[in-house]
Amino acid sequence: MTTDISVVRWEPNTGPGELIDEYEYDGGNSSSRLFERSRIKALAVEREIVQKKTFTKWVNSHLCRVNCRVGDLYIDMRDGKNLMKLLEVLSGERLPKPTKGKMRIHCLENVDKALSFLREQRVHLENIGSHDIVDGNASLNLGSMISLNSGFSLTKSKAAFSASNKRSLLAAISASKA
């Protein structure tokens, strides 16, 4: 049994005491609301699948330089070794050797090495800890990949921009001396 509650809205153009009956409220269980909620949830799942696929391809495009490949972004980044390889490729710097072993503590240590390297590089990772990546937290893994992508692409852009500025300044200086 449902109780219908009439929702009344006041309109500024109506006279005093006049109210407009807008719709009948059925307790929030209307089929349109249920459809809307399920559609929103389906779109969120679809967006996550697309992002996971996109970042897996992005990671593989960089890891192919060191003859490495990632099949599942969440699972293959858990041990921290692939993450460290990716950071070495992106930054061009050497990271400390990964800890050998497959126990959780070894994985946490490897991911922590990678995250501390990112902190040194000033790549901002908001509320992402080594346990989040080791546990395979989907949204935080995707967030870390987004931060890596933007952080290192901006670094490369800044380096290319400053190099081109140096060249143009040197050309301007040599032209003014001639």
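Visitor: Which residue forms a salt bridge with arginine 104 here?

Guide: In this predicted model, arginine 104 forms a salt bridge with aspartate 135, and their closest N and O atoms are 2.6 Å apart. Arginine 104 belongs to helix α4 (residues 104–120), while aspartate 135 sits in the loop between α5 (130–134) and α6 (138–177), so the pair ties together parts that are 31 residues apart in sequence.

Visitor: Is arginine 104 buried, exposed or partly exposed, and what about its partner?

Guide: Arginine 104 has a relative accessible area of 43%, and because partly exposed covers the range between under 20% and over 50%, it falls into that class. Aspartate 135, at 43% relative accessibility, counts as partly exposed as well.

Visitor: How many salt bridges are there in the whole structure?

Guide: A search of the whole structure finds three. One of them joins the side chains of lysine 52 and aspartate 72, with 3.0 Å from N to O. That pair links distant parts of the chain, since lysine 52 lies in helix α1 (residues 31–63) and aspartate 72 in the loop between α1 and α2 (73–76), 20 residues apart.

Visitor: And how open are those two, lysine 52 and aspartate 72?

Guide: Lysine 52 counts as partly exposed at 24% relative accessibility, and aspartate 72 is also partly exposed, with a relative accessible area of 22%.

Visitor: Which residue does glutamate 88 pair with?

Guide: Glutamate 88 forms a salt bridge with arginine 94, where the closest N and O atoms are 3.6 Å apart. Arginine 94 counts as exposed, at 69% relative accessibility. As a general point, side chains of opposite charge can pair when their charged atoms come close.

Visitor: Changing topic, what's the overall layout of the chain?

Guide: The protein chain has six helices and two strands, and from the N terminus on its elements run β-β-α-α-α-α-α-α. Of its 178 residues, 29% count as buried. Among the contacts between residues at least 6 apart in sequence, 44% join residues at least 24 apart.

Visitor: At what angle do α1 and α3 cross?

Guide: The axes of α1 and helix α3 (residues 81–91) cross at roughly 65 degrees and come within 9 Å. That makes α1 roughly perpendicular to α3, because angles of 65 to 115 degrees are counted that way. The crossing in which α1 passes α3 is left-handed.

Visitor: Which residues make that contact?

Guide: On the α1 side they are Trp58, Val59, His62 and Leu63, and on the α3 side they are Asn82, Lys85, Leu86, Val89 and Leu90. Sorted by class, the contact of α1 with α3 has six nonpolar, two polar and one charged residues.

Visitor: One more thing, what is unusual to look at in the backbone, say the phi of asparagine 67?

Guide: Phi of asparagine 67 is near 55 degrees, which is a positive value in a residue other than glycine. Asparagine 67 is found in the loop between α1 and α2, and at 76% relative accessibility it counts as exposed.

Visitor: And where is asparagine 127, and what is its phi?

Guide: Asparagine 127 has its place in the loop between α4 and α5, and it has a positive phi of about 55 degrees although it is not a glycine. With a relative accessible area of 63%, asparagine 127 is exposed.

Conventions. Residues numbered from 1 in each chain as written. Predicted model: local features only at pLDDT ≥ 70, side-chain atom pairs only at ≥ 80, totals over all residues. Heavy atoms only, no water. Salt bridge = Lys/Arg side-chain N within 4 Å of Asp/Glu carboxyl O. Helix = DSSP H or I, 4+ residues; strand = E, 2+ residues; numbered from the N terminus. Buried < 20%, exposed > 50% of the residue type's maximum accessible area, 1.4 Å probe, protein only. Axes fitted to C-alpha atoms, helices over the stretch in contact; angles between N-to-C directions. Parallel < 35°, antiparallel > 145°, perpendicular 65-115°, else oblique. Left-handed = near helix turned anticlockwise from the far one by under 90°. Contact = heavy atoms within 4.5 Å. Nonpolar A, V, L, I, M, F, W, Y, C, P; charged D, E, K, R; others polar.
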